[in-house]
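Work through the exercises below with the sequence and the structure side by side. Try each task before reading its solution.

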Amino acid sequence: MLPKRRVHLILSVTLSAALLIAAVLLTAAVRHSGAFAQSVYLPFSRAVSGLLGTLFSFSSYTVAEALLVTAAAALAGCLIRSVVHTVRERSAMPLLLWLSGVVLSASGIYFLFILLWGGTYHAPKLESRLGLRTGPQEEEMLFQTASRHLEDVLLYAELVPRNADGEAGAGGFSALAPESARAMKSLMARYPELFGKAAVSPPKRAFSYPVLGMLGISGIYVPFTGEAVVNTISTDPFLPSVMCHELAHRLGFAPEEDANLVAYLACMESNEPIFRYSGALMAFTYCYNALSSQQYRSLLWSRLAEESEETVDDYRRNREEWVKYESPLRQAAEAVNNAYLQSMGQADGVRSYGRVVDMLIALYIEEQARSGP
Ligand SMILES: [Zn+2]
């Protein structure tokens, strides 16, 4: 008969392998069957994510951050105990058992990640679900799309509440978070076939915002707790689009460009000028950054500077807040995010955020066609 510890080790390794195989099979099923993705996986993921988000909304703090700290402490505690036993018993078995526990936990977390949400990376893309015609476009069309969003920026810049210094302020995170959930619900009602039904609780502020700031992270969605977490370093004009981006992730739009487009649409769905301003700023910024023609960029920026000094200041204030947390870790964090996105089938990695521009151009062309000659 095998010793108990050896049986434990074998069971642990077998279960880890089974969980990894199950995760791979589920990913393949979502990737290769659009019908399974849309009628089984996405509704399941949205329902469970919404439920988790509602469940953990009992706390205004991010439960995921507390869980992460607890898990790290438990991992370190178990490691110390295993090392002590390994030295005392002069056997590698305690350390091997600890290692197998780590591998089993990692496999379980990965399986849960794919089951709850990770598979949505492989579901049909938003552009095909919306029937948008994206493809290579002339720089001129990108310029026109950027100009269209600049019009909105200029319009809403005038409407947002500002203090005596001209600083846009709409009550900060606490005031904006409930409106982001309302705007998203309104968007869901407009596109029921795209969103299905799911609970939408407001995003939460990140307790560890300085650390996230050093890593250059403006928001993050945690599938295990259904929490859309937002870094409050961003100033009010930029917070709503981040909030809606993270909520879009929770609703099953994992690819970054898809979450950006849903965030833009949700911001524009709100009746609050600060949300519309935020959505327009996001759309304009992505289009502007995608322009390679210096001439077009200068034209847009001069018009912005001439007509809305306040907006130039809004960009500056937001940049100044982020600069306070500048750190060499940002580059490393971006490389990790890039590798993560590519491992989830997003070939463009961190550049995928900017691919929202293709969909914004397609929406602009549709809008032009509707308005007619
Ligand atoms: Zn994102």
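**Exercise 1.** Find the residue of β3 that is the bridge partner of Tyr221, and then place both strands in their sheet.

*Solution.* The bridge partner of Tyr221 in β3 is Ala228. The model is a predicted one, in which local features need pLDDT of at least 70 and side-chain atom pairs count only at pLDDT 80 or more, while totals for chains, interfaces and linings use all residues. Residues are numbered from 1 along each chain as its sequence is written.

Next, β2 and β3 (residues 227-230) run antiparallel and are joined by four bridges; two strands pair if DSSP finds at least two bridges between them, and strands (E, at least two residues) and helices (H or I, at least four) are DSSP runs numbered from the N terminus.

Finally, the open sheet has three strands in the order β1-β3-β2, with mixed pairing. Because β1 (204-205) and β2 (219-222) each have a single partner strand, they stand at the edges, and one side of each is left without a neighbour in the sheet.

**Exercise 2.** Decide whether Glu179 is buried or exposed, and name its contacts.

*Solution.* Start from its place, which is in helix α7 (residues 172-190). Glu179 has 21 C-beta neighbours inside 10 Å and therefore counts as buried, the cut-off being 20 or more other C-beta atoms within 10 Å, with C-beta atoms placed from the backbone. Leaving aside neighbours within four places in sequence, Glu179 is in contact (C-beta atoms within 7 Å) with Ser270, Glu272 and Phe275.

Conventions: Buried ≥ 20, exposed ≤ 12 C-beta atoms within 10 Å, placed from the backbone. Contact = placed C-beta atoms within 7 Å.
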